[in-house]
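Work through the exercises below with the sequence and the structure at hand. Try each task before reading its solution.

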Amino acid sequence: MQTPSSHGLVVLDGGDGPHRASDGRRPIPHAERPERTRAVEDVLRGAAFADRLVFEAAPLAERDLVTRVHSPRHVEAIERRCASGGGWFDSDTYCAPESFDIALRAVGAAVRAARAVTDGEYASAFAACRPPGHHAERDRPMGFCLFDQVAVCVEDLVATGRASRVFVLDFDVHHGNGTQHLFEERADVFYASLHQSHCFPGTGAAHERGVGAGAGATLNVPLPAGSGPDLWLRALDEQVLPALASFAPDVLVFSAGFDGHRADPLASCELESATFGEITRLALDAARPSTGGRAVSVLEGGYELTALGESAAAHVEALLAER
Ligand SMILES: [Zn+2]
């Protein structure tokens, strides 16, 4: 394996089209919008540590990668809906004509980031892509999500022999029902989530600990509405980090949602931008004995643009500190 670059990789989703909610004629305001990844890119390009980042455009993922975790029927349904002009899958989740390619590019960003880390090119990589993915089920788009790009990149790492044990830490304020369900019967992929309780999608109770061979490899830590940095960091320290250290993964994958920020309109937690840097540092420290610092991160939620940019910058700066 080559010596990793001292820079961090940022894979950008490319912005090939708007993937913007519309009624077929005009845009409809929606929290999940193209400005989100542009806000992240602008803050990262202007950051004091920008000279330590390498920016790349995301490739389009091969369809075969996506069908490793989603059914062919699901992929075809999204492609067909986009080709016929787009529309709504449920009251939250839309697609535009461009969305199929944009969702494939989000998967491409996550897979590129994950392979770049496990192949030794970079110690850490961040995929700044949208729409988010962790609510997408094997057979159903949900919660703004079309494909679960974290699940696809994790499955790719395992299937290609790049990793044999992967720990997913999902700190989005919403529970990642899709990622949990896709891996809950697996002992080689640990899914841990910190999230606001009694919030969308309603799953992620503490008693959900995995199924069959995967029993014990799922960990949910629901936190009450109004929880701030103290509660989140204590839950991380007392519940998630011991599980992370004892699982001893080859690589740590962040499902990086920033909608726990106090300014975010979609939930009611009270995190500061800096909290996301702290979560990242603590998790990297706990994982280091087994990962050697290898960390992959994929953007999930975060809907207030200033908070999203600042929080993502705190997270990426902490990833860089790994060297
Ligand atoms: Zn979220």
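## Exercise 1: A threonine in a loop

Leaving out residues up to four places away in sequence, Thr67 touches Pro72 and Val75. The model used here and in the other exercises is predicted.

Task. Find where Thr67 is placed, and decide whether Thr67 is buried, partly exposed or exposed.

Solution.
- Step 1. Thr67 is in the loop between helix 2 (63-66) and helix 3 (72-83).
- Step 2. Buried means under 20% relative accessible area, and exposed means over 50%.
- Step 3. Thr67 has a relative accessible area of 27%, so Thr67 is partly exposed.
- Step 4. A residue distant in sequence can also be checked: Thr67 and Val152 are 85 residues apart in the sequence, while their C-alpha atoms are 8.5 Å apart in space.

## Exercise 2: Two residues in helices

Task. Place Glu41 and Thr275 in the chain, and decide whether Glu41 and Thr275 are buried or exposed.

Solution.
- Step 1. Glu41 belongs to helix 1, residues 35-46.
- Step 2. The relative accessibility of Glu41 is 15%, so Glu41 counts as buried.
- Step 3. From C-alpha to C-alpha, Glu41 is 7.5 Å from Leu12, and the two are 29 residues apart in sequence.
- Step 4. Thr275 belongs to helix 8, residues 273-291.
- Step 5. With 5% relative accessibility, Thr275 counts as buried.
- Step 6. Apart from neighbours within four places in sequence, Thr275 is in contact with Pro229 and Leu233.

## Exercise 3: The zinc ion

Task. Which protein atoms are the donors of the zinc ion, and what arrangement do the four donor atoms make?

Solution.
- Step 1. Asp172 gives two OD atoms, His174 gives ND1, and Asp259 gives an OD atom. These donors lie 2.0 to 2.7 Å from the zinc ion.
- Step 2. In the sequence, the spacing of the donor residues is D-x1-H-x84-D.
- Step 3. For four donors to count as tetrahedral, all angles must lie between 85 and 135 degrees.
- Step 4. Around the zinc ion the angles between the four donor atoms run from 52 to 152°, which makes the arrangement irregular.
- Step 5. Two of the donor residues can be checked for burial. Asp172 is at 1% relative accessibility and therefore counts as buried; His174, with a relative accessible area of 7%, is buried too.

## Exercise 4: Unusual backbone angles

Task. Which peptide bonds before Pro131 and Pro201 are to be described, and where do Phe144 and Ala248 lie?

Solution.
- Step 1. Begin with the general rule: most residues other than glycine have a negative phi, and most peptide bonds are trans.
- Step 2. The bond from Arg130 to Pro131 is cis, with omega near -5°. Pro131 lies in the loop between strand 5 (124-128) and helix 5 (149-159).
- Step 3. Phe200 and Pro201 are joined by a cis peptide bond with an omega of about 5°. Pro201 lies in the loop between strand 7 (189-196) and strand 8 (218-223).
- Step 4. Phe144 is not a glycine, yet its phi is positive, about 75°. Phe144 sits in the loop between strand 5 and helix 5, and its relative accessible area of 13% makes Phe144 buried.
- Step 5. Ala248 is not a glycine either, and its phi is about 55°, which is positive. Ala248 is found in the loop between helix 7 (229-247) and strand 9 (251-256), and at 32% relative accessibility Ala248 counts as partly exposed.

## Exercise 5: The whole chain

Task. How many helices and strands does the chain have, and how does its radius of gyration compare with the globule rule?

Solution.
- Step 1. The chain has nine helices and 10 strands.
- Step 2. Its radius of gyration is 18 Å, close to the 20 Å that the globule rule gives for 323 residues, so the chain is as compact as a globular protein of that length.
- Step 3. The C-alpha trace spans about 50 × 45 × 40 Å along its principal axes.
- Step 4. Of the 323 residues in the chain, 58% are buried.
- Step 5. Take the contacts between residues at least 6 apart in sequence: 78% of them join residues at least 24 apart.
- Step 6. An unreviewed UniProt entry places the feature "domain: Histone deacetylase" at residues 30-319. Over residues 30-319 the chain is 41% helix and 15% strand.

Technical notes:
Residues are numbered from 1 along each chain as its sequence is written. This is a predicted model: local features need pLDDT of at least 70, side-chain atom pairs count only at pLDDT 80 or more; totals for chains, interfaces and linings use all residues. Side-chain values use heavy atoms; hydrogens and water are left out. Donors are N, O and S atoms within 2.8 Å of the metal (3.2 Å for Na, K and Ca); water is not among the atoms, so sites may look incomplete. Four donors count as tetrahedral if all angles lie between 85 and 135 degrees; four count as square planar and six as octahedral if opposite donors are over 155 degrees apart and all others between 65 and 115; anything else is irregular. Buried means under 20% relative accessible area, exposed over 50%, partly exposed in between (1.4 Å probe, protein chains only). UniProt positions are given in the numbering used here, feature names are shortened, and annotations may be inferred rather than shown by experiment. Helices (H or I, at least four residues) and strands (E, at least two) are DSSP runs, numbered from the N terminus. The radius of gyration is taken over C-alpha atoms; the globule rule is 2.2 Å times the number of residues to the power 0.38. Contact means heavy atoms within 4.5 Å.
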